[in-house]
Amino acid sequence: MVSVSSYYFLQQPTTITRHLLSSTRHVCCIPHVPPHLLTPYKYQFQIVNLSIAGSRVTETEMEVNGGAVSDPGTIRSQFLQLLRTRRNAQVPMTVEPAKPVVKPLFQEVTPPTFSEAMESCPKANIGNLKELLKEENLYLHTEAGDQGKLPVLILSTKGNNQEKRPAVVFRHSTHKCKEWLRPLLEAYASRGYVAIGVDSRYHGERASSLTTYRDALVSSWKNGDTMPFIFDTVWDLIKLADYLTGRDDIDPTKIGITGESLGGMHAWFAAFADTRYAVAAPIIGVQGFRWAIDNDKWQARVDSIKAVFEEARTDLGKNEIDKEVVEKVWDRIAPGLASQFDAPNTVPAIAPRPLLIVNGAEDPRCPLEGLEIPKTRAYKAYGDAHSDKFKLVAEPGIGHQMTPLMVKEASDWFDQFLK
């Protein structure tokens, strides 16, 4: 492998797309992997006869809970190839103007109205902040089809357009939308950031009813042609990075990403998949999926999107949801989530970029015990030279809930590493 550049080049069938996907200085030319060569099986994926940077990788296997971890560049490349296997037709990324959303869609019977945690976010003491805010609403076309239209909300302060600023992408939790994030967007914008919120797949403007996301999960289990749980939105976040790094008002080396719950998972996987996300702070999102299955701690996570597991239980002829049902659902709707793309391999792959993981110490959806191996491997990956760039905070007595302390920790983290 020739050490000449900080970019990975990922070759598709007809185009070569450049992604800043390695924190080391390597060029890696990866040929397009046809879907029939990416074969799912129980614990990992096999990529057969794939030549990476001149070296042949045959039936690549990764150990999840023990043994050596694959090179971050290799596992990152495998993940990107997985994302390609369930994509609609590719289209040139275009930007379309949009209007502000007057009545955001929340996929909850009783829509939320207030978040103490988000309202607590540190902001600059600017009396006329509302007047100084600049709001942009737009759509990015990331692929063909309705779900390839990515709604984006951007807040910044009016000022010198020639100034390049740090940016932070915010991810909402399940059943919410980008408009819910406005208190965070305004707070960060007041402090000199370009603050970005987007709707996840099947959420917000990408939803049409209270069951859109649930229906998409069930459809993924039935048909295996989409990945609505985490992975499809990660594809959008890679495309979003294409757009953000080309903006005149954003410093392309200072883009961070954070999110709550499902949004925390998006932030974790986006930072793993694309090193243009220079700093990450996932909140109540990072967890050990394999560990939860092996240690019978999967129930709380399953309950958060139970409809798809009930559908699978029926299809598999089971009387109740058990670990076999859970494993089969993850393998189907998010291949590799409980194996080679689980936290023990993807969390340390973010090194040496700054990574803050913030969880509740009593969170049943993200059990702390399931993060022992990822944490140990992360400390090893960051090493003494970058030990200040990895931090795991577990707030005592807190379950699956984002708190003001968590918001403050994330805010301080971005200020430390992006300013």
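Which residue in strand 12 is the bridge partner of Leu-153? In this predicted model, the partner is Gly-197. The pairing belongs to strand 10 (residues 149–157) and strand 12 (residues 194–198), which run in the antiparallel sense and are joined over four bridges. In general, the strands of a sheet pair through backbone hydrogen bonds, in either a parallel or an antiparallel manner.

Stepping back from this pair, strands 10 and 12 take their places in an open sheet of nine strands, ordered 8-9-10-12-11-13-14-15-16 and with mixed pairing. The edges are formed by strand 8 (95–97) and strand 16 (390–395); each has a single partner strand, so one side of each is left without a neighbour in the sheet. From one strand to the next, the twist averages 20°.

Two helices can be followed across this sheet. Helix 4 (residues 182–190) lies across strand 9 (133–141), strand 10, strand 11 (165–171) and strand 12, and runs at about 40° to strand 10. Helix 6 lies across strands 8, 9, 10, 11 and 12 as well as strand 13 (250–260), running at about 165° to strand 11. Helix 6 itself covers residues 231–244, and its 14 residues reach 20 Å from the first C-alpha to the last, close to the 20 Å expected at 1.5 Å a residue. Of those 14 residues, 13 are buried, so helix 6 is largely enclosed by the rest of the structure.

Helix-to-helix packing comes next. Two packed helices are described by the angle between their axes and the distance between the axes. For helix 1 (residues 72–85) and helix 7 (residues 262–273), the axes come within 9 Å and cross at roughly 115°. Angles of 65 to 115 degrees count as roughly perpendicular, and helices 1 and 7 are therefore described that way. On the helix 1 side, Ile-75, Arg-76, Phe-79 and Leu-80 meet Phe-269, Phe-272 and Ala-273 of helix 7. Sorted by class, this contact has six nonpolar residues, no polar residues and one charged residue.

A second crossing involves helix 5 (residues 212–223) and helix 11 (residues 323–333), whose axes come within 9 Å and cross at roughly 90°. Helix 5 is thus roughly perpendicular to helix 11. Helix 5 contributes Leu-217, Ser-220, Trp-221, Lys-222 and Asn-223 to the contact, while helix 11 contributes Lys-328, Val-329, Arg-332 and Ile-333. The residues in this contact of helix 5 with helix 11 divide into four nonpolar, two polar and three charged.

Definitions and conventions. Residues are numbered from 1 along each chain as its sequence is written. This is a predicted model: local features need pLDDT of at least 70, side-chain atom pairs count only at pLDDT 80 or more; totals for chains, interfaces and linings use all residues. Side-chain values use heavy atoms; hydrogens and water are left out. The expected span of a helix is 1.5 Å times one less than its number of residues. Buried means under 20% relative accessible area, exposed over 50%, partly exposed in between (1.4 Å probe, protein chains only). Two strands pair if DSSP finds at least two bridges between them. Axes are lines fitted to C-alpha atoms, for helices over the stretch in contact, and angles run from 0 to 180 degrees between N-to-C directions. Contact means heavy atoms within 4.5 Å. Angles under 35 degrees count as roughly parallel, over 145 as roughly antiparallel, 65 to 115 as roughly perpendicular and the rest as oblique. Ala, Val, Leu, Ile, Met, Phe, Trp, Tyr, Cys and Pro count as nonpolar, Asp, Glu, Lys and Arg as charged, and the others, Gly among them, as polar.
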